[in-house]
Amino acid sequence: MTNEQNKINARRIVEEGWNKHNPKVLDELFSNDAILHNPQDPTVAKGPQGAKTSLDTYLTALSSPGVKAVSSCSLTVRRPSVPATRAV
């Protein structure tokens, strides 16, 4: 997958999953062995179902009337043949 495709997929997670509240897109964009680390939750979620559970938790918490939030997200994609890097 190219860097451009990775950017498109990351945008889809935010735009379609978070902003449009569409968890079905996560089935397409997360592999079954994807690991999601959440500093607010000590458990480790895995795969599309873990991504959906995390999304549901946040959307439920932020659904109260008058609640507004700003979020920052860091996404690292690792493939076995490519060493991990971190942008700061």
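Student: Does Asn9 count as buried or exposed, and at what relative accessibility?

Tutor: This is a predicted model, and in it Asn9 has a relative accessibility of 14%. The cut-off for buried is under 20%, so Asn9 counts as buried. Asn9 sits in helix H1. Apart from neighbours within four places in sequence, Asn9 is in contact with Met1 and Leu29.

Student: Which residues of H1 are buried?

Tutor: Start with the general idea. An α-helix has 3.6 residues a turn, so residues three or four places apart point the same way. In H1 the buried residues are Asn6, Asn9, Ile13 and Gly17. H2 and H3 are included in what covers them.

Student: How many residues does H1 have, and what distance does H1 reach from its first C-alpha to its last?

Tutor: H1 has 17 residues and reaches 23 Å between those two atoms. At 1.5 Å a residue, 24 Å would be expected, and the value found is close to that.

Student: What comes just after H1?

Tutor: His21 does, with a positive phi of about 55°. His21 is a residue other than glycine, so the sign of phi is worth noting in the backbone. The position of His21 is in the loop between H1 and H2.

Student: Which residues make up the largest nonpolar core?

Tutor: In soluble globular proteins, nonpolar side chains tend to be buried together. Here the largest such core has nine residues: Ile13, Val25, Leu26, Leu29, Phe30, Ala34, Leu36, Ala51 and Leu55. Helix H2 (24-29) and H3 are the elements that give two or more residues to this core. H2 gives the most, with three residues.

Student: What is Ile13 in contact with, leaving aside its neighbours within four places in sequence?

Tutor: Ile13 is in contact with Trp18, Leu26, Leu29 and Phe30. Of these partners, Leu26, Leu29 and Phe30 are among the residues of the core, as is Ile13.

Student: How many aromatic pairs does the structure hold, and how is such a pair described?

Tutor: A pair of aromatic rings is described by the distance of the centres and the angle of the planes. This structure holds one pair. The rings are those of Trp18 and Tyr58, with centres 5.6 Å apart and planes at 55°, so the pair is tilted. Trp18 belongs to helix H1 (residues 3-19) and Tyr58 to helix H3 (residues 47-61), so the pair ties together parts that are 40 residues apart in sequence.

Student: What relative accessibility does Trp18 have, and what does Tyr58 have?

Tutor: Trp18 has 32% and counts as partly exposed. Tyr58, at 27%, also counts as partly exposed.

Student: In what sense do strands E1 and E2 pair, and over how many bridges?

Tutor: Strand E1 (residues 35-38) and strand E2 (residues 41-46) pair in the antiparallel sense, over three bridges. For one of the positions, Asn38, the bridge partner in E2 is Asp41. The two strands form a hairpin, with two residues between them.

Student: How many of the six residues of E2 are buried?

Tutor: In a regular strand the side chains alternate between the two faces of the sheet. In E2 the count of buried residues is zero, and the strand is hardly covered.

Technical notes: Residues are numbered from 1 along each chain as its sequence is written. This is a predicted model: local features need pLDDT of at least 70, side-chain atom pairs count only at pLDDT 80 or more; totals for chains, interfaces and linings use all residues. Side-chain values use heavy atoms; hydrogens and water are left out. Rings of Phe, Tyr and Trp (its six-membered ring) pair if their centres lie within 6.5 Å; planes under 30 degrees apart count as stacked, over 60 as edge-to-face and the rest as tilted. Helices (H or I, at least four residues) and strands (E, at least two) are DSSP runs, numbered from the N terminus. Buried means under 20% relative accessible area, exposed over 50%, partly exposed in between (1.4 Å probe, protein chains only). A nonpolar core is a set of buried Ala, Val, Leu, Ile, Met, Phe, Trp, Tyr and Cys residues joined through side-chain atoms within 4.5 Å. Contact means heavy atoms within 4.5 Å. The expected span of a helix is 1.5 Å times one less than its number of residues. Two strands pair if DSSP finds at least two bridges between them.
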